[in-house]
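Hi everyone, thanks for coming. I'll take you through one protein chain today, so please keep the picture open while I talk.

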Amino acid sequence: MRSSSSMSINVEDYYSAETFKKMKAFADKQETPFVVIDTAIISKAYDDLRAGFDFAKVYYAVKANPAVEVINLLKDKGSSFDIASIYELDKVLSCGVGPERMSYGNTIKKSKDIRYFYEKGVRLFATDSEADLRNIAKAAPGSKVYVRILTEGSTTADWPLSRKFGCQTDMAMDLLILARDLGLVPYGISFHVGSQQRDI
């Protein structure tokens, strides 16, 4: 079965014929636009990721889909959460997720927002610049920080984000040393291979 849109999608790669039939029957009764999310697929993707990286914590990027149903599903599976805004923080907290399972992953943030996250109990922050690091040290003393580094070869992503966020690796080392000197806890590094990555 192929979709009738201009994109060629093999539905059977994603859903059984019976599941697709139910979704289509539901969709035919809805106003557009709308989206249907199959939480079973999200659950399986999370399990697959955990199986492949059993030594790591998974931080779900809430901006990908902030639906309460998705947050609660992943909360119950033990996921941590990468938060990019006060809106996302308040939403995830309202779902009963503790701040120890959250990271403020946005590297461009205001001091007042850092302080808000800190007051809510978040103690893990991303950074990629000295100015941001100093703001974290003032507004969230003693917190853990990780530095976002630039990555190469993100030309196969629909949305390569390394040009927007991150720093060179030598600068990352300098930032981690400065973090220690500012009373923060150097925690590690992060990177973004781009959204809709087609070739890893």
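**A walk through the chain**

Let's start with Ile136, which sits in helix α6. Keep in mind as we go that what you see is a predicted model. So, is Ile136 buried or exposed? Its relative accessibility is 0%, and buried means under 20%, so Ile136 counts as buried.

What does Ile136 touch, if we skip residues up to four places away in sequence? The list is Lys109, Ile114, Phe125, Ala126, Thr127, Pro141, Val145 and Leu184. Take Leu184 from that list: Ile136 and Leu184 are 48 residues apart in sequence, yet their C-alpha atoms are 8.4 Å apart in space.

Okay, zooming out for a moment. The chain has 200 residues, and 34% of them count as buried. It contains 7 helices and 8 strands. If you take the contacts with a separation of 6 or more, 47% of them are between residues 24 or more positions apart. As for the outside, the chain exposes about 12400 Å², with carbon and sulfur atoms supplying 55% of that.

Now find helix α7, residues 169–181. This helix has 13 residues and spans 19 Å from first C-alpha to last, close to the 18 Å you'd expect at 1.5 Å a residue. Which residues of α7 are buried? They are Ala172, Leu175, Leu176, Leu178 and Ala179. Look down the axis of α7 and you'll see these buried residues fall within an arc of 165°, so they line one face of the helix. Here's the background: an α-helix has 3.6 residues a turn, so residues three or four places apart point the same way.

And what do the buried residues of α7 pack against? The partners are α6, β5 (144–148) and β7. So we're back at α6, the helix where Ile136 has its place. Over on the other side of α7, Asp170, Asp174, Arg180 and Asp181 are exposed. After α7 comes Gly183, with a positive phi near 90°.

Let's follow one of those partners, strand β7, which covers residues 185–190 and includes Ser190. Ser190 has 18% relative accessibility, so it counts as buried. Setting aside neighbours within four places in sequence, Ser190 is in contact with Tyr146, Val147, Arg148 and Ile149.

Next, have a look at Arg123, in the loop between α5 (111–119) and β4 (124–127). With 36% relative accessibility, Arg123 counts as partly exposed. Again leaving out neighbours within four places, Arg123 is in contact with Tyr118, Ser143 and Lys144. Arg123 and Val185 are 62 residues apart in sequence, and 9.8 Å apart in space, C-alpha to C-alpha.

Last stop: the loop between α1 (17–27) and α2 (39–52), where you'll find Phe34. Pro33 is found in the loop between α1 and α2 as well. What kind of peptide bond joins Thr32 and Pro33? That bond is cis, with omega about -5°. For context, most peptide bonds are trans. As for Phe34, its relative accessibility is 33%, so it counts as partly exposed. Together with Phe26 and Val36, Phe34 makes a nonpolar surface patch of about 240 Å².

That's my tour, thanks for listening!

How values were computed. Residues numbered from 1 in each chain as written. Predicted model: local features only at pLDDT ≥ 70, side-chain atom pairs only at ≥ 80, totals over all residues. Heavy atoms only, no water. Helix = DSSP H or I, 4+ residues; strand = E, 2+ residues; numbered from the N terminus. Buried < 20%, exposed > 50% of the residue type's maximum accessible area, 1.4 Å probe, protein only. Contact = heavy atoms within 4.5 Å. Expected span 1.5 Å × (residues − 1). Arc of directions from axis to C-beta. Patch = residues over 30% accessible without salt bridge, like charges linked within 9 Å, V, L, I, M, F, W, Y side chains within 5 Å. Areas by Shrake-Rupley, 256 points an atom, 1.4 Å probe, with all protein chains shown as cover. Salt bridge = Lys/Arg side-chain N within 4 Å of Asp/Glu carboxyl O.
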